Amino acid sequence: MGVLTTEEQADHRPGKKREVGFASRSTMTSDGSRPQLEHDEAELIMEDGGVYRNPTEVKMSQIVLPCHANHRKELSVGQLLKWMDSTACLSAERHAGCSCVTASVDDIHFERTIGVGQVVNIQAKVNRAFNTSMEVGIVASCEDLYSDSHWTVCQAFATFVARSTGTEKVHLKQLVPRTHREQVEYSVAAERRRMRLIHIDTMKDLLNSTSFQSSISERVDEGQDEEKEVPAERTRVESVELVLPPHANHQVSTFGGQIMAWMENVATIAASRLCNSHPTLRTIDMFHFRGPSQVGDRLILKAIVNNTFKNSMEVGVCAEAYQGEEPLRHINSAFMTFEVLDEEGSPRPLPPIHPEPKDGKRRYQEAIARKKIRLDRKYIISCKYTEMPLSVPWDPTNQVYLSYNNVFALKMLAARNKWVLSSKKNNVKLYTLEENQTLSFRVEAEVKVPAARAFLLLSDLSRRPEWDKHYKQCELIVPVDEDDLIYRVLTPSVSEGGKVQDFILLASRRPPCDNGDPYVVALRSVTLPTHPPIDDINRGEVFCAGFTIYEVSESVSKINYYNQTNPGVLPYIATDIAGLSSSFCSTFLSCNKFLMENRTGPSVISNAAM
């Protein structure tokens with residue numbers, strides 16, 4: 001609940017391990033009844049007959065009083081953030097056994113508001129711990145006591161660092177996931193961490209890209225009605241807060257939630273000055289606490305509207321601290337998106353902003369970049385599988401999120417617990433899964449090849465034609481980085497005289513993040529403007545496919561191949577699923593032969609391999 005010291009910030013740079021949370025989602029049903037959570041599962045009964053409960057789980061329930069509300073009799077977002085931070089910190093401290101401080105918070109999207117008299121229910125638990133840090137997943141929901149209806153307000157992922165009272169750093173005990181839901185969140189934690197660590201680089205790359213600069217120039221050239229423009233200087237807000245004991249924890253560090261609440265307050269004032277109305281906060285972008293704050297600090301909070309986008313605006317907020325005559329210390333910066341709602345609850349148009357010279361223009365451009373990144377994350381990461389197109393356009397600015405979604409989708413598919421054994425031959429097993437009108441299959445076998453070596457060989461798709469008859473040709477067309485590559489795959493026709501198919505595949509490969517984690521090679525279709533469909537070749541698509549490779553021993557690994565089928569893929573496996581053939585077995589035996597013949601050699605990916 002405090003904030004991170006400068007020394008502790010070093011544990012959160014690339015190369016250090018820190019991890020991520022869980023989420024659950026519910027909505028109010030049409031009849032007002034309480035729905036079942038999407039991730040609900042059967043209760044786990046312990047040996048003593050009791051029902052299992054995550055030992056790090058903490059719940060808080062608060063009834064919203066007038067003192068917690070704004071002028072619209074809705075719960076202040078700042079107050080909600082304070083309650084969420086407190087609940088998450090108690091969960092982190094329950095696992096750590098010592099005090100913890102807030103290091104960062106991922107994006108928060110506020111889906112609904114909460115009124116006076118309603119109940120806020122907050123649930124938090126640790127999903128994974130690494131060294132001195134852990135990430136806590138938080139879900140805030142609302143309960144109407146009169147109608148007995150429930151709905152999700154927001155969910156968040158907050159990283160906390162354990163702090164010892166002595167000179168030595170705390171080394172956290174590892175978390176052991178017990179339920180299916182915990183195993184899923186534990187599994188995808190590493191990928192979320194990876195995306196977070198390169199978030200700043202993603203922004204820099206986008207700002208420096210030629211296409212982005214051109215789009216900004218076109219926007220400026222289009223011009224706006226100068227008479228309707230609102231000077232950004234008019235929205236500027238500066239306020240000071242004195243940190244008192246009620247604002248801090250038992251180690252006199254300022255609560256992270258309290259700082260967030262103060263920042264939300266000045267941001268709301270800045271947004272109100274632009275529109276001369278009362279705005280509604282919709283999103284807080286990912287942010288990190290850059291330094292500590294303690295009792296006695298004077299916190300200077302500054303806010304200004306950076307840019308407006310038809311029906312929304314971005315407000316930048318900065319928090320700095322000082323004591324006495326010491327120089328200002330940067331505590332935190334955040335970016336918040338507001339809307340102004342009309343009487344029907346729909347966002348209303350906003351006036352354009354006239355940025356200040358120099359820094360104002362920089363903030364104006366960065367706000368456009370953040371909006372694009374925000375939309376990419378929402379479109380690629382937040383989409384349900386049923387809403388997600390098979391092939392998503394790839395470009396360098398959305399690569400981070402496509403890669404995340406690629407690995408996340410495969411891990412989610414692998415974590416399903418309703419796989420049915422369809423057939424078995426020569427110790428090669430074929431499983432199927434029918435779910436949500438989608439058919440998936442999984443092929444499993446053990447090979448006498450070290451897991452690291454098998455990962456290296458299977459992640460190089462250019463060698464797959466050596467063992468897979470369905471891969472006629474595989475060409476590397478975009479070496480994105482050492483973890484992600486884009487290939488064009490040519491496959492033979494299923495029927496005699498039919499057209500061959502090609503696929504444009506993003507291959508995302510990940511080594512284990514910790515002991516017990518698998519090696520992962522995830523595949524999904526993307527589109528590239530440089531490789532459009534060709535008339536005499538069918539363009540196929542893969543939504544989710546790939547390998548997980550577990551180390552059984554130093555010389556043995558267990559390989560699973562997954563594929564979520566679609567009309568373009570199903571003909572290649574239909575007879576196996578129907579039990580009419582066992583080509584899956586011969587393909588996997590061919591793979592085993594390929595691995596055995598190449599089992600000696602390096603077990604790390606070199607630049608030459610790319």
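This passage walks through the overall make-up of a predicted protein model, its nonpolar cores, two helix pairs and two buried residues.

In the predicted model, the protein contains 11 helices and 26 strands. Buried residues account for 55% of its 610 residues. The contacts also tell us how the chain folds back on itself: among those with a separation of 6 or more, 71% join residues 24 or more positions apart.

A good place to start is the interior. The largest nonpolar core has 77 residues, and the members that touch the most others are Leu80, Met313 and Val315. Helix H6 (residues 256-275) supplies the largest share of this core, with 10 residues. Met313 gives a closer view of such packing. Leaving aside residues up to four places away in sequence, Met313 touches Ala271, Leu274 and Cys275, then Val305, Asn307 and Thr308, and finally Met336, Thr337, Phe338, Val340 and Leu350. A second core, separate from the one just described, holds 38 residues, including Val443, Val449, Leu485 and Cys585.

Helix H6 also takes part in a helix pair. The axes of H6 and helix H2 (residues 77-96) come within 8 Å and cross at roughly 165°. Angles over 145 degrees count as roughly antiparallel, so H2 is described as roughly antiparallel to H6. The crossing of these two helices is right-handed. On the H2 side, the contact is made by Val77, Gly78, Leu81, Lys82 and Asp85, and these meet Gly256, Gly257, Gln258, Met260, Ala261 and Glu264 of H6. Sorted by character, the residues of this contact are four nonpolar, four polar and three charged.

Another pair is formed by helix H9 (residues 451-458) and helix H11 (residues 583-597), whose axes come within 10 Å and cross at roughly 110°. This value lies in the range from 65 to 115 degrees, and H9 and H11 are therefore roughly perpendicular to each other. Their crossing is right-handed. Here Ala454, Leu457 and Leu458 of H9 meet Cys591, Phe594 and Leu595 of H11. The residues of this contact comprise six nonpolar ones, with no polar and no charged residues.

What surrounds H9 is worth a look too. The helix is mostly covered, with eight of its eight residues buried. The buried residues are Ala451, Ala452, Arg453, Ala454, Phe455, Leu456, Leu457 and Leu458. Their cover includes H11 together with four strands, namely E22 (501-510), E23 (519-527), E25 (544-551) and E26 (557-564).

Two individual residues round out the picture. Asp106 sits in the loop between strand E3 (100-105) and strand E4 (108-109). Its relative accessibility is 10%, and because buried means under 20%, Asp106 counts as buried. Not counting residues up to four places away in sequence, Asp106 touches Glu135, Phe157, Arg196, Ile284 and Met286.

Thr432, by contrast with the loop residue, belongs to a strand, E18 (residues 428-435). With 13% relative accessibility, Thr432 is under the 20% cut-off and so counts as buried. Thr432 and Asn563 are 131 residues apart along the chain, and their C-alpha atoms are separated by 9.8 Å.

Note on methods
Residues numbered from 1 in each chain as written. Predicted model: local features only at pLDDT ≥ 70, side-chain atom pairs only at ≥ 80, totals over all residues. Heavy atoms only, no water. Axes fitted to C-alpha atoms, helices over the stretch in contact; angles between N-to-C directions. Parallel < 35°, antiparallel > 145°, perpendicular 65-115°, else oblique. Left-handed = near helix turned anticlockwise from the far one by under 90°. Contact = heavy atoms within 4.5 Å. Nonpolar A, V, L, I, M, F, W, Y, C, P; charged D, E, K, R; others polar. Buried < 20%, exposed > 50% of the residue type's maximum accessible area, 1.4 Å probe, protein only. Core = buried A, V, L, I, M, F, W, Y, C linked by side-chain atoms within 4.5 Å.
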